[in-house]
Each structure stands twice: as C-alpha cells, then as structure tokens.
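Me: I've got a model open and want to walk through it with you. Can you keep it plain?

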Amino acid sequence: MTDAPVRILLCDDHAVVRAGLLALLASEPGIEVVGEAGNGEEAVAAAAKLRPDVVLMDLQLGPGIDGVEATRRIAATGVHVLVLTTYDTDADITRAIAAGATGYLLKAERPEELFAAIHSAAQGRTTLSPPVASRVMHHMRGAARPALTARELDILAQLAQGLGNRDIARALFISQATVKTHLGRIYDKLGVDTRAGAVAVAKEQRLLP
C-alpha cells in the first residue's frame with residue numbers, strides 16, 4: 001500500500017507563477033494540488049474548506065492581507081504553511097516564522113528541494129533555504145547578546161574612526177579608565193577581543209551610523 005500524497009493548497013497572486021508551480025508539482029507523484037488561491041483572503045478560506053496538509057504561501061499578495069497575516073490565520077488552525085517566495089530580508093523571514101510558518105523556501109531552489117521541503121512541512125518539520133537559515137542563525141546569535149548602551153555605541157563610533165583611548169576620552173569628556181571599562185563591555189557583548197573585531201562586527205550588525 002502506497003502512502004497517500006501530500007495535499008497542497010497553492011497561494012500566489014501571479015497566475016503565471018501558479019501555473020508554473022502547478023505543472024511542476026504535477027510531475028511529483030507524492031504531491032497533489034487540491035486548490036489554489038490568488039490572495040490572502042482566498043487562501044484562508046480555501047484552507048478552512050479543503051484542510052490541505054500544506055499551504056504553499058507567497059508573501060507579497062497584492063491588495064488585502066499579505067502572506068504573513070494569511071500564514072498567521074492558517075497556522076492557527078493547525079494547517080502547516082510553507083512560505084515560498086523571492087523575498088529573503090530579515091524582516092520578512094522574522095515575521096513569517098513568528099506568524100507560524102513551518103518552513104521558508106526561496107523560489108530559486110531546485111525542484112527536488114521544493115518537493116523535499118513540502119514532505120517535511122507535511123510532517124511538521126522545519127525546512128529553511130540555506131541563505132534563510134544563515135540569516136536566522138545570525139539573527140539568533142545577535143539577539144542572544146545584550147544590547148549596547150548609548151555610551152558604548154558612542155565609543156564604538158569613535159573606534160570606527162580609528163581613535164585611541166586618549167582621543168576617545170577627550171572627545172567624550174570621560175576618563176581613559178572609563179573608556180577601557182566600556183571597551184571591555186563592548187568586546188563581551190559583541191563576542192570579540194580586539195578593536196578591529198569590534199568594528200567589523202558592528203558594521204556587520206549595522207550598529208554604526
């Protein structure tokens with residue numbers, strides 16, 4: 001006895017994209033598309049009616065609720081949502097995952113990876129495109145460290161200009177001992193042990209103006 005195919009609801013506001021995905025998914029025996037939607041409201045209604053195993057959800061859906069809000073409403077009913085989009089900004093990824101998305105895949109992925117992600121999502125397993133996974137890990141590492149204070153950010157900005165402790169103390173009207181204390185805290189919070197490392201991480205995390 002063969003396993004039942006994974007039942008899919010497809011949501012994308014571009015008819016041409018939906019047609020391409022329908023053709024692609026039809027080539028995979030273990031997947032069955034049971035419905036499609038062109039906007040967020042249609043997706044929510046169709047998911048409630050059809051109860052698919054997985055909803056393939058784009059994020060940008062034109063007028064009405066966006067893919068994140070549709071994901072939130074659908075995920076709340078227990079249906080798995082796999083985001084399939086071209087957008088990979090930190091804000092998009094964070095909002096989608098917070099809304100309850102089971103996975104986040106980019107449209108540039110190979111068909112085999114999409115098929116595997118669909119099967120994983122149907123079982124409730126998280127699948128992330130490699131670039132998305134990297135961003136998530138980076139965000140988590142950054143979030144795990146305490147935030148820099150306003151004074152520490154001031155000193156970091158002076159560091160980025162190449163100033164030494166004496167010049168930083170003079171510019172900020174504080175003692176060199178205070179500068180050294182703040183530098184130690186900055187290093188701890190950024191997970192570095194050199195001035196150059198602090199500046200590099202600060203630029204990577206966009207802490208500098």
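Me: Where is Thr127?
Reply: Thr127 is in the loop between helix 5 (111-122) and helix 6 (130-144). Helices here are DSSP runs of H or I with at least four residues, strands are runs of E with at least two, and both are numbered from the N terminus. This is a predicted model, where local features need pLDDT of at least 70, side-chain atom pairs count only at pLDDT 80 or more, and totals for chains, interfaces and linings use all residues. Residues are numbered from 1 along each chain as its sequence is written, and side-chain values use heavy atoms, with hydrogens and water left out.

Me: Buried or exposed, that Thr127?
Reply: Thr127 counts as buried, at 18% relative accessibility. Buried means under 20% relative accessible area, exposed is over 50%, and partly exposed is in between, with a 1.4 Å probe and protein chains only.

Me: What does Thr127 touch?
Reply: Not counting residues up to four places away in sequence, Thr127 touches Thr102, Gly103, Tyr104, Leu105, Ala117 and Ser120. Contact means heavy atoms within 4.5 Å.

Me: Leu105 rings a bell. Which residue is its bridge partner?
Reply: Leu84 is the bridge partner of Leu105 in strand 5. Strand 4 and strand 5 (residues 103-106) pair in the parallel sense over 4 bridges; strands pair if DSSP finds at least two bridges between them. Together with helix 4 (residues 90-98), these strands make a right-handed β-α-β unit. Right-handed means that, with the strands pointing away from the viewer, the path from the first strand over the helix to the second runs clockwise.

Me: And how many residues of strand 4 are buried?
Reply: Strand 4 (residues 80-85) has 5 of its 6 residues buried, so call it mostly covered. Strand 3 (residues 54-57) also pairs with strand 4 in the parallel sense, over 4 bridges. From strand 3 the chain goes through helix 3 (residues 67-75) to strand 4, and that β-α-β crossover is right-handed.

Me: Who stands opposite whom there?
Reply: Val55 is opposite Val81 in strand 4, and Leu56 is opposite Leu82 in strand 4.

Me: Which way do the strand 3 side chains point?
Reply: Val54 and Leu56 point one way, Val55 and Met57 the other, and all are buried. In a regular strand the side chains alternate between the two faces of the sheet.

Me: What about strand 1?
Reply: Strand 1 (residues 6-11) pairs with strand 3, parallel, over 4 bridges. Leu9 has Val55 as its bridge partner in strand 3.

Me: Back to helix 3. Which of its residues are buried?
Reply: Gly67, Val68, Ala70, Thr71 and Ile74. Seen down the helix 3 axis, those buried residues fall within an arc of 160°, so they line one face of the helix. The arc is taken over directions from the helix axis to the C-beta atoms.

Me: What covers them?
Reply: The cover over the buried residues of helix 3 includes helix 2 (40-50), strand 3, strand 4 and helix 4.

Me: Anyone in helix 2 I should click on?
Reply: Try Ala43, which is in helix 2. Ala43 is buried, with a relative accessible area of 0%. Leaving aside neighbours within four places in sequence, Ala43 is in contact with Leu9, Cys11, Ala37, Met57 and Ile74. Ala43 and Leu9 are 34 residues apart in sequence, but 7.8 Å apart C-alpha to C-alpha.

Me: New topic: what does UniProt say about Asp58?
Reply: The UniProt annotation covering Asp58 is "modified residue: 4-aspartylphosphate", from an unreviewed entry. UniProt positions are given in the numbering used here, feature names are shortened, and annotations may be inferred rather than shown by experiment.

Me: Where is Asp58, and what is around it?
Reply: Asp58 is in the loop between strand 3 and helix 3, and is buried at 4% relative accessible area. Beyond neighbours within four places in sequence, Asp58 is in contact with Cys11, Asp12, Asp13, Gly67, Leu84, Thr85 and Lys107.

Me: Last one: which residues does UniProt list for the domain?
Reply: The unreviewed UniProt entry lists residues 7-122 for "domain: Response regulatory". Over residues 7-122 the chain is 46% helix and 22% strand, with the end C-alpha atoms 9 Å apart.
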